[in-house]
Amino acid sequence: MLASRGFVIEEAEAVALGAGKNSAVGAVLRPIRNGKDLLDEPRRMWGIDFTGLTAEEARKRFPSLFQIVLTRVKPERDQNRDAQFREKWWLFGRSRPELRAMVRGLARFIATVETAKYRLFQFQGSEILPEHKLVVVGSDDGFVLGVLSSRIHVLWSLSRGALLEDRPVYPKTECFDPFPF
């Protein structure tokens, strides 16, 4: 969960800053995806992710990226009522360590949009930062993707999940966790 759109930059700016798998900034500047990206043409946006770094480490190692976050995120976070957001303004609102551990070492992971008219699962490369409205499955196995995409699982998720207006919601704890693989 970002808790500020200031962490997100357009691809042209990311490339100008040295984005890419083989660059030094690749550890903290990564492609980011949300639900719209999965269901439509990806926006080609990048996220600045200083997870695991102190503000001083981020400033020293990645000064250009730190300046962007300082300029675009800190003023907004200074006004936030949540003390954690104010005090750790250079970090995402919630870094989701359990998600990071789950996909560590995988070449890809499976994702679906939490709330969508149609249930669609797809692989995302391990370099992708998933935004908080994506449900992530820590598997790179095509068999698992096939089971999740099956009619049986889709019907299961429709019966177990919720509705937001006319769109099915896929709560992981109700639809994925108890599914009898």
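## Helix pair α8 and α9

At what angle do the axes of helix α8 and helix α9 cross? They cross at roughly 55°. The two axes come within 4 Å. Helix α8 covers residues 142-149, and helix α9 covers residues 151-160. This is a predicted model.

Angles of 65 to 115 degrees count as roughly perpendicular, and those under 35 degrees as roughly parallel. The crossing therefore makes α8 oblique to α9. Helix α8 brings Val-147, Leu-148 and Ser-149 to the contact. Helix α9 brings Arg-151, His-153 and Val-154. Sorted by class, the contact has three nonpolar, two polar and one charged residues.

## Nonpolar cores

In soluble globular proteins, nonpolar side chains tend to be buried together. Here the largest nonpolar core has 28 residues. Leu-29, Ile-48, Phe-50, Leu-65, Val-69 and Trp-90 have the most contacts inside this core. Five elements give two or more residues to the core: strands β1 (8-10), β2 (29-33) and β3 (45-48), and helices α3 (55-61) and α4 (63-72). Helix α4 supplies the largest share, four residues.

Ile-48 shows the packing at one position. Beyond four places in sequence, Ile-48 touches Phe-7, Ile-9, Val-28, Leu-29, Leu-65, Ile-68, Val-69 and Phe-92. A second core, separate from the largest one, has 11 residues. Leu-38, Leu-99, Val-103 and Val-136 are among them.

## The segment before β1

Ala-3 lies in the segment before β1. Ser-4 lies there too. Ala-3 is not a glycine, yet its phi is positive, near 65°. Leaving out residues up to four places away in sequence, Ala-3 touches Glu-76, Arg-77, Phe-85 and Gly-93. Arg-33 is 30 residues from Ala-3 in sequence. Their C-alpha atoms are 15 Å apart.

Is Ser-4 buried or exposed? Its relative accessible area is 4%, so Ser-4 is buried. The cut-off for buried is under 20%. With the same sequence neighbours left out, Ser-4 touches Arg-72, Val-73, Glu-76 and Arg-77. Glu-76 and Arg-77 are thus contacts of Ser-4 and also of Ala-3. A polar atom of the Ser-4 side chain lies 3.1 Å from the backbone nitrogen of Gly-6.

## Arg-43 and its surroundings

Arg-43 sits in the loop between α2 (35-39) and β3. With a relative accessible area of 28%, Arg-43 is partly exposed. Which residues does Arg-43 contact, leaving aside its neighbours within four places in sequence? They are Arg-5, Ile-32, Arg-33, Asn-34, Asp-37 and Glu-131.

With Glu-131, the side chain of Arg-43 makes a polar contact of 3.5 Å. Ser-23 is 20 residues from Arg-43 along the chain. The C-alpha atoms of this pair are separated by 22 Å.

## Arg-86 in helix α6

Arg-86 belongs to helix α6, residues 83-87. Its relative accessibility is 31%, so Arg-86 counts as partly exposed. Outside four places in sequence, Arg-86 touches Arg-77, Asp-78, Asn-80 and Arg-81. Arg-77 also appears among the contacts of Ser-4 and of Ala-3.

Ala-58 and Arg-86 are 28 residues apart along the chain. Their C-alpha atoms are separated by 17 Å.

## Two loop glutamates

Glu-127 is found in the loop between β5 (122-125) and β6 (129-130). Its relative accessibility is 28%, so Glu-127 counts as partly exposed. Along the chain, Glu-127 and Leu-2 are 125 residues apart. In space, their C-alpha atoms are separated by 17 Å.

Where is Glu-165? It lies in the loop between β8 (162-164) and β9 (167-169). At 67% relative accessibility, Glu-165 counts as exposed, because the cut-off for exposed is over 50%. Glu-165 has a positive phi of about 60°, although it is not a glycine. Ala-3 likewise has a positive phi, near 65°.

Conventions:
Residues numbered from 1 in each chain as written. Predicted model: local features only at pLDDT ≥ 70, side-chain atom pairs only at ≥ 80, totals over all residues. Heavy atoms only, no water. Core = buried A, V, L, I, M, F, W, Y, C linked by side-chain atoms within 4.5 Å. Buried < 20%, exposed > 50% of the residue type's maximum accessible area, 1.4 Å probe, protein only. Contact = heavy atoms within 4.5 Å. Polar contact = N/O pair within 3.5 Å; in protein donor to acceptor, adjacent residues only side chain to side chain. Axes fitted to C-alpha atoms, helices over the stretch in contact; angles between N-to-C directions. Parallel < 35°, antiparallel > 145°, perpendicular 65-115°, else oblique. Nonpolar A, V, L, I, M, F, W, Y, C, P; charged D, E, K, R; others polar.
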